[in-house]
Amino acid sequence: MNTDNRPLRYALTISLTYLVAGISYIVSSDLLLAKFAKSVEEILYFEVYKGVMFFLVSAAGLFFFSRFLFRKIADDQALLIRNQKAILESERRASAGLLASCLAHDCNNILSVITLRLEQLNIICTDPEAKEALVKIKEANERLISIMGKLKTSSNVEADKPQTVDLNLVAQECSHIATKHKAFMGCQYDFRPAPEKTLVFGSTTLLHQMILNLLINAAEATRPYTSEGRVTLIVENTHDSAVLRVEDNGPGIPKEITESLFMPFFTTKPSGSGLGLLSVRHCVDQHKGTLHIDRSTLGGAAFVISLPHS
């Protein structure tokens, strides 16, 4: 159907309806007047009454029609704004995916060199503690290679095969890796796992990526606002979900930029990429969880994530 003709058809329909109703009202009222009026005074009275009623009915009709019309316009404008935002968000995500794919290609070249060097070091190394450290580094390197592979092939980190995962163990592994990051140098870290297993159903790769991003962001948020950074990772169980809290003693997050934090390329850090929290949101959405930002008991920001139990 050609929607360009709709306004003309609607206008003609309304005009003709009003015209037919007006003529019908005048003719029927005149016929009733001729039948029942017995004097000039009654004719004048009915003419005045007829005119007043005509304007009252017309005004009521215009009121309800205008109300309907303006509400429709407001709804259409709201829908248009939502669609524009969705298109803009889609374009930003596409740009983020393209950039991530290019970065993954370059990072894979560097990671290949690191893998080769790790294998060489493992052969010549004889110290047991150093060998154990090399194993941890190799595991982190392999995990990074896995993530880069997904970025390169799909321009997005898609979930690997879902499985039942203990969030306590994932958080513990991420804690071990994150605390070796330069952002944690001189930073006090406190990991509080749940006293019992915290089982969720999902992607181990995405969960690792989500927790690492949150921990590193929290550590970076404490600099240079405080001389002694503090970061806390808490895992808790509720009756229907597993709750993950990452808190810091940084400056906190202003309410006016809370939603913008999860937009592609938005960052408050001079050297930030604006992709870390985007991947956090993606992971939460993939696991059908919820995410909100609260005020930390340490004085900074708290990212609170709830994931449904397995």
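Buried here means under 20% relative accessible area. The legends below describe a predicted model.

**Figure 1. Helix H6 is largely enclosed by the rest of the structure.**
Eight of the eleven residues of H6 fall in the buried class, so the rest of the structure largely encloses this helix. The buried residues are Gly-276, Leu-277, Leu-278, Ser-279, Val-280, His-282, Cys-283 and Val-284. Cys-283 has a relative accessibility of 1%, which places it in the buried class. H6 also gives two or more residues to the largest nonpolar core.

**Figure 2. Lys-288 follows H6 with a positive phi.**
Lys-288 sits in the loop between helix H6 (276-286) and strand E6 (290-295). Its phi is near 55°, a positive value in a residue other than glycine. Is Lys-288 buried or exposed? Lys-288 is exposed, because its relative accessible area is 71% and the exposed class begins over 50%.

**Figure 3. The largest nonpolar core holds 38 residues.**
The residues with the most contacts inside this core are Leu-207, Met-210, Ile-211, Leu-214, Leu-215, Leu-244 and Ile-305. Which elements give two or more residues to the core? They are helix H4 (167-178), helix H5 (204-221), strand E4 (230-237), strand E5 (241-248), H6 and strand E7 (301-308). H5 supplies the largest share, ten residues. Nonpolar side chains tend to be buried together in soluble globular proteins.

**Figure 4. A nonpolar patch lies on the surface.**
The patch is formed by Leu-8, Leu-12, Leu-16, Leu-19, Ile-23, Val-27 and Leu-31. Together these residues have about 690 Å² of accessible area. Leu-31 belongs to helix H1 (residues 6-36). With a relative accessible area of 57%, Leu-31 is exposed.

**Figure 5. Two aromatic pairs are found in the whole structure.**
Phe-63 and Phe-64 make one edge-to-face pair. Their centres are 5.2 Å apart, with 75° between the planes. Phe-63 and Phe-64 are exposed. Phe-184 and Tyr-189 make another pair, with centres 5.6 Å apart and planes at 90°. That pair is edge-to-face because its angle is over 60 degrees. Phe-184 is buried, at 5% relative accessible area. Tyr-189 is partly exposed, at 21% relative accessibility. The value for Tyr-189 is 21%, and the buried class requires under 20%. A pair of aromatic rings is described by the distance of the centres and the angle of the planes.

**Figure 6. Lys-72 and Asp-76 form a salt bridge within helix H2.**
The closest N and O atoms are 3.1 Å apart. What separates the two residues along helix H2 (residues 40-124)? Lys-72 and Asp-76 are four residues apart, so about one helical turn lies between them. Lys-72 is partly exposed, with a relative accessible area of 41%. Asp-76 is also partly exposed, at 37%.

**Figure 7. Arg-143 and Glu-173 meet in a salt bridge.**
The N to O distance is 3.8 Å. The pair counts as a salt bridge because this distance is within 4 Å. Arg-143 lies in helix H3 (residues 128-154), and Glu-173 lies in helix H4. The pair therefore ties together parts that are 30 residues apart in sequence. Arg-143 is partly exposed, with a relative accessible area of 24%. Glu-173 is partly exposed as well, at 39%. Side chains of opposite charge can pair when their charged atoms come close.

**Figure 8. Asp-190 and Arg-192 are joined by a salt bridge.**
Their side chains meet at 2.8 Å, N to O. Asp-190 is partly exposed, at 28% relative accessibility. Arg-192 is partly exposed, at 43% relative accessibility. The structure holds four salt bridges, including this one.

**Figure 9. Cys-174 and Cys-283 are buried cysteines.**
Cys-174 has a relative accessibility of 0% and counts as buried. Cys-283 counts as buried too, at 1%. Cys-283 is one of the buried residues of H6. How many disulfides does the structure hold? The number of disulfides is zero.

Methods. Residues numbered from 1 in each chain as written. Predicted model: local features only at pLDDT ≥ 70, side-chain atom pairs only at ≥ 80, totals over all residues. Heavy atoms only, no water. Buried < 20%, exposed > 50% of the residue type's maximum accessible area, 1.4 Å probe, protein only. Phe/Tyr/Trp six-rings, centres within 6.5 Å; stacked < 30°, edge-to-face > 60°. Patch = residues over 30% accessible without salt bridge, like charges linked within 9 Å, V, L, I, M, F, W, Y side chains within 5 Å. Areas by Shrake-Rupley, 256 points an atom, 1.4 Å probe, with all protein chains shown as cover. Disulfide = S-S within 2.5 Å. Core = buried A, V, L, I, M, F, W, Y, C linked by side-chain atoms within 4.5 Å.
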